[in-house]
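Please find below some notes on the model you sent, set out as numbered points that move from single residues to the chain as a whole.

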Amino acid sequence: VVLWIERMGRDMSAYRRAHGIVYPVARPLPGDFKVGYMLDLDRGRIPTMEMFKIIIDVLAEAGFDSFQPYLERAFAYAAHPEVWKGVDPVTPAEMKELDAYAWSKGVRLVPNQNSFGHLQSWLDFPAYKPLAETPNGFAIDHPKMSSKRAAALCPTDPKTLDFLGGLYDELLPCFSHADEINVGCDEVWDLFDKNGRSAARVREVGVPNLYMDHVLNVRKLVRARGKRMAIWGDMVLRYPELLPRVPKDIDFLLWGYSSEYHSPGDQAEYEGRCQAVSRLGIPFTVCPSTCTYHYSGTHYDFKRATGNIRQTVEAAGKFGAEGLLLTEWGTGGHPYPFLMAVPSIAYTGLLCRNRPADDAALVREIDRLCKAPIGQSLVDYGRVREAYRDKPDLEKARRALDAALAVKEMPGWVRNGLEVLDLKLRVETARAEKKPIPSNAADEYRRLWRAYNREGGLAYSLGQRRYK
């Protein structure tokens, strides 16, 4: 498949040259280009209030103007205590405090509550299972996948909108400076199950129209509460015939986490999506990733991250995006520290503010954000493999990390992040050499976690990482 995509990319380029087809060229982004950051709070790691404010400080210094805490059940809804018990969620009072603090730093705190799919953590509870499209899980053919857990709300059940309206009534007042809410609505696979509760309606109108009907109903809820709505674009782009039904007051979030680093066809495919949306006059935001999700060892693919960010920034300049939202997902218990996202934040800020973003400039910017000369070490650490799927060079990782740890003066959160990476490097090195994992590894992980994160997600994260 990869070879076919690469050949397709080369063929497309040759075809455009032969027929004189010219795409718009990337141009400098406007001064009012919006730059936001999304942090996943629902897969283990919920920062302490101190760490939340550190994150906001870093974003403000990097030129970001918004911050989205991604929520499924990481907010303490008063009407739903059963769902967040033991999670250590952000309380309404804390969210209001963060909203005020962010605003004082020039950063707008924006609510992000998934409102269709990705609600397994709610629908696992008996009291909420009746709201599910597939209460006993789903099985679909295209793409081939199945799950024993319900993931999506039932769009044909009137109680679904009542439920969502109740969430918004509690959540939105905590974000006094936000003019929109990200309602998610991505990857709603349950609708394709032929035995789902909405199967009869699907036979009448089809999955695409049923999906869009729900989105438009959610839009009514949001508009009634004085907010604009943003949605992830993947489900609509799966059925481009839905694009004319997308209202012009919806912010269309075009996520894409690959880059030309993987194959020449990636950039053309992503730009095609941006062009289709732009031609219809739909406001859109490009959404790259820190590429730290699925991180489980000593490294992450920083080459992929910079390629992904550059690709989306170029697409934004070519097709007139409103802004960029850099996403940090916490797949697998969110084991990596916020420090690992700082290089991507630095790189994004430089590009989106039309500043030089070569390695030297990037290193200086990381040093500035971390208030310590560790930028070169973090860049080197993120490049411990030369090509996609290569095994990491553990010796190179150790040299990079030792150089950073040797710096004497640095903020506590930076030192903590380096120590987390050091622990992971020691564990992975032991595995590579087929030696026992350090006996105190789990206790060390607990200590480092508790310094800047809440207790709630620790057990889950520790269980995902095999420190024994």
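1. Asp88 counts as partly exposed, because its relative accessibility of 31% falls between the limits of 20% for buried and 50% for exposed. The residue belongs to the loop between helix 3 (81-84) and helix 4 (92-104), and its phi is near 60°, which is a positive value in a residue other than glycine. Please keep in mind, here and in the points that follow, that this is a predicted model.

2. A positive phi also occurs at His334, where the angle is near 50° and the residue is again one other than glycine. His334 is located in the loop that lies between strand 11 and helix 11 (342-352). Is His334 buried or exposed? With a relative accessibility of 1%, His334 counts as buried, since the limit for that class is under 20%.

3. Another backbone feature to check is the peptide bond that leads from His142 to Pro143, which is cis in the model, with omega near -5°. Pro143 is placed in the loop between strand 5 (138-140) and strand 6 (145-147).

4. Strand 1 (residues 34-40) is mostly covered, with six of its seven residues buried, and it has pairing partners in strand 11 and in strand 2. Strand 11 (residues 323-328) runs parallel to strand 1 and is joined to it by six bridges, and within this pairing Leu39 has Glu328 as its bridge partner. The pairing of strand 1 with strand 2 (residues 66-71) is likewise in the parallel sense and extends over five bridges, with Asp40 standing opposite Tyr70 of strand 2. Between strand 1 and strand 2 the chain passes through helix 2 (residues 49-61), and the β-α-β crossover made in this way is right-handed.

5. The structure holds 15 aromatic pairs. In one of them, the ring centres of Trp122 and Phe163 are 5.3 Å apart and the ring planes stand at 75°, so the pair is classed as edge-to-face, given that planes over 60 degrees apart fall in that class. This pair links distant parts of the chain, since Trp122 is in helix 5 (residues 120-123) and Phe163 is in helix 6 (residues 158-171), 41 residues apart. Trp122 is buried, at a relative accessible area of 2%, and Phe163 also counts as buried, at 9% relative accessibility.

6. Two further features involve aromatic side chains. Tyr37, Phe64, Phe67, Phe338 and Trp413 form one aromatic cluster. Separately, Lys53 lies over the face of Tyr101, at a distance of 5.4 Å from the ring centre.

7. Turning to the chain as a whole, its secondary structure comes to 17 helices and eleven strands. The radius of gyration is 22 Å, close to the 23 Å that the globule rule gives for 468 residues, so the protein chain is as compact as a globular protein of that length. Taken along the principal axes, the C-alpha atoms fill a box of roughly 65 × 60 × 45 Å.

8. Of the 468 residues, 58% count as buried. What share of the contacts between residues at least 6 apart in sequence join residues at least 24 apart? The value computed for the protein chain is 74%, and the pair of Trp122 and Phe163, with its 41 residues of separation, is one of the aromatic pairs already described that link distant parts of the chain.

Notes
Residues numbered from 1 in each chain as written. Predicted model: local features only at pLDDT ≥ 70, side-chain atom pairs only at ≥ 80, totals over all residues. Heavy atoms only, no water. Phe/Tyr/Trp six-rings, centres within 6.5 Å; stacked < 30°, edge-to-face > 60°. Helix = DSSP H or I, 4+ residues; strand = E, 2+ residues; numbered from the N terminus. Buried < 20%, exposed > 50% of the residue type's maximum accessible area, 1.4 Å probe, protein only. Lys NZ or Arg CZ within 6 Å of the ring centre and 35° of its normal. Pairing = 2+ DSSP bridges. Right-handed = clockwise from strand over helix to strand, strands pointing away. Rg over C-alpha atoms; globule rule 2.2 N^0.38 Å. Contact = heavy atoms within 4.5 Å.
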